[in-house]
Amino acid sequence: MPDLVPVRRALISVSDKTGVVDFARALASRGVEIISTGGTAKALTDAGIKVIPIEEVTKFPEMMDGRLKTLHPLIHGGILAVRDDAAHLKSMKEHGITPIDLVCVNLYPFEQTVAKPGVTLEEAIENIDIGGPTMIRAAAKNWEWVAAVTAPSQYRMVLDDLTGHNGCTSRVTRYALAHGVFELINGYDRAIAVHLISALTGNRDLQPAMYPITARMKELGDARLAAFAVRNPEFRDDGILPRFVSLQSKRHTELRYGENPHQQAAVYRDGLSNGPSLIAAEQLHGKELSYNNLNDAAAAMGIVEDFARLVPDHVGACVIKHTNPCGAAVAGSVAQAIDLAMIGDPLAAYGGILAVNQPIDLAGAKRLCREGVFLEVILAPSFAPDAVAALAQHSKMVRLLAIGESWPGKPGPAA
């Protein structure tokens, strides 16, 4: 198997055109022949870069509103051919197939499309990419010979690889790119599957819930076995459950360390989630959040979200320390709920995390500014400006997180 593979021919077809002109120009300057399609071909041509339109390769026009353009043996044969296999080489020669050494494709923006208000099922369907995933899967399968580039963030790495290896891609780079392809497609297909179920049931907040089946676990001797049910009565009552549940999240940010200083950690966010959340919260004051901050904040949020559901006409507050509740309360006002939660265990509450499911006003902030009160994180749907000023003056370090007024954990008007 080769370590270095020269890049002589590239296929470029992207929805996200960020940096693609510069990338293609750099390839062309190295003598790489570029095949392109549709809007990408136009963008490159308008920038003065010579491209070969896809139809010149396939001898077949793009058609069906662009649904049919790259699904052709002259394209996929060029991507999938094993270059040191005599039978493959013979087939390529007989059928006029030229090798494609680099495939640069990113997919139709399905997730961005379905996140728009009022998107129809027909619009969602039209943004399901077919040719793109097929090409990058083919390139990733044949990674020993082909580089599969799927994101603008990879352009610099690939160009540096070419520069460092005299116009060739290295085996380690091709392997890393191939791995990224299957991660990308996994998430892409999951987004489609979840949206189609949501569209069918009318449930826009369809999230898998996990239920362990103890008897079945013992029978199979697998403590990890679990059954998944969908939070939708129509599906559950009909006995229709998904055969596979894929949970995939994107790295949102890296943390300085994990639960302990010697551990590495990062925060991952579900790509399908675009509503209020701890990860999407606006930090109004304080230093960087730690792993333990996020862990405890998530626990506190969960408790006050339950309060909003169980006691919807009251304010809920909860203090967490090392994932254990120090105090929790519901009351008729923000200040009263905070006071009751804090006096549940004042000693343990020191250095803890407080969640409140109503906006924190100045009266609530004053309760938190008493002598001897110190909290690592305070989170709420929002904070009054004078409350932020008071809390920031009380502590330079306390993190103030505004989850958002549309947070489901926020109850109705307090009594």
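The following questions and answers go through a predicted model, from its parallel sheet to single residues in helices and loops.

Reader: In what order do the 5 strands of the open sheet stand, and which are the edge strands?
Author: The pairing throughout this open sheet is parallel, and its 5 strands follow the order β4-β3-β2-β5-β6. An edge strand pairs on one side only, a description that fits two strands, namely β4 (52-53) and β6 (147-149).

Reader: How many bridges join β5 to β6, and what is the bridge partner of Val 103?
Author: Strand β5, residues 102-105, runs parallel to β6, and the two are joined by 3 bridges. Within this pairing, the partner of Val 103 in β6 is Ala 148.

Reader: Which strands does helix α1 touch, and what angle does its direction make with that of β2?
Author: Helix α1, residues 20-29, packs on the sheet, where it touches β2 (9-13), β3 (33-36) and β5. Its direction, set against that of β2, makes an angle of about 170°.

Reader: What is the handedness of the crossover from β2 through α1 to β3?
Author: β2 and β3 pair in the parallel sense over 4 bridges, and one of the bridge pairs sets Arg 9 against Glu 33 in β3. The chain leaves β2, passes through α1 and enters β3, and this β-α-β crossover is right-handed.

Reader: Which helix stands between β3 and β4 in their β-α-β unit?
Author: β3 and β4 run parallel and are joined by 2 bridges, with Ser 36 having Pro 53 of β4 as its bridge partner. The β-α-β unit that these strands make is right-handed, and its helix, residues 38-46, is α2.

Reader: Which strands does helix α8 lie across, and at what angle does it run to β5?
Author: Helix α8 is made of residues 131-141 and lies across β2, β5 and β6. With respect to β5, helix α8 runs at about 145°.

Reader: Is Asp 129 buried or exposed, and which backbone nitrogen lies 2.9 Å from a polar atom of its side chain?
Author: Asp 129 is placed in the loop between α7 (121-126) and α8, and its relative accessibility of 9% is under the 20% limit, so it counts as buried. Not counting residues up to four places away in sequence, Asp 129 touches Asn 106, Leu 107, Tyr 108 and Tyr 188. The backbone nitrogen that lies 2.9 Å from a polar atom of the Asp 129 side chain is that of Gly 132.

Reader: Which residues is His 76 in contact with, leaving aside its neighbours within four places in sequence?
Author: His 76 belongs to helix α4, residues 73-80, and is buried, with a relative accessible area of 11%. With those sequence neighbours left aside, the residues in contact with His 76 are Thr 70, Leu 71, Thr 134, Met 135 and Ala 138.

Reader: Why can the buried residues of α17 be said to line one face of the helix?
Author: In α17, residues 385-394, the buried positions include Ala 387, Val 388, Ala 390 and Leu 391. Seen down the helix axis, the buried residues fall within an arc of limited extent, so they line one face of α17, and that arc is 165°.

Reader: Which residues are exposed on the other side of α17, and what covers its buried residues?
Author: The cover over the buried residues of α17 includes β12 (282-285), α16 (362-368), β16 (375-380) and β17 (399-402). On the other side of α17, the exposed residues are Pro 385 and Gln 393.

Reader: How many of the 10 residues of helix α5 are buried?
Author: At the start of α5, a side-chain oxygen of Asp 85 reaches to within 2.9 Å of the backbone nitrogen of Ala 87, and the helix is followed by Gly 96, whose phi is positive, near 65°. Helix α5, residues 86-95, lies largely in the open, because the number of its 10 residues that are buried is 1.

Reader: What is the phi of Asn 166, and what is that of His 322?
Author: Asn 166 lies in the loop between α9 (155-164) and β7 (168-170) and is exposed, with a relative accessible area of 73%. His 322 lies in the loop between β13 (315-321) and β14 (324-331) and counts as exposed at 59% relative accessibility. Asn 166 is not a glycine, yet its phi is positive, at about 55°; His 322 is not a glycine either, and its phi is positive at about 55°.

Terms used:
Residues numbered from 1 in each chain as written. Predicted model: local features only at pLDDT ≥ 70, side-chain atom pairs only at ≥ 80, totals over all residues. Heavy atoms only, no water. Buried < 20%, exposed > 50% of the residue type's maximum accessible area, 1.4 Å probe, protein only. Arc of directions from axis to C-beta. Contact = heavy atoms within 4.5 Å. Pairing = 2+ DSSP bridges. Axes fitted to C-alpha atoms, helices over the stretch in contact; angles between N-to-C directions. Right-handed = clockwise from strand over helix to strand, strands pointing away. Polar contact = N/O pair within 3.5 Å; in protein donor to acceptor, adjacent residues only side chain to side chain.
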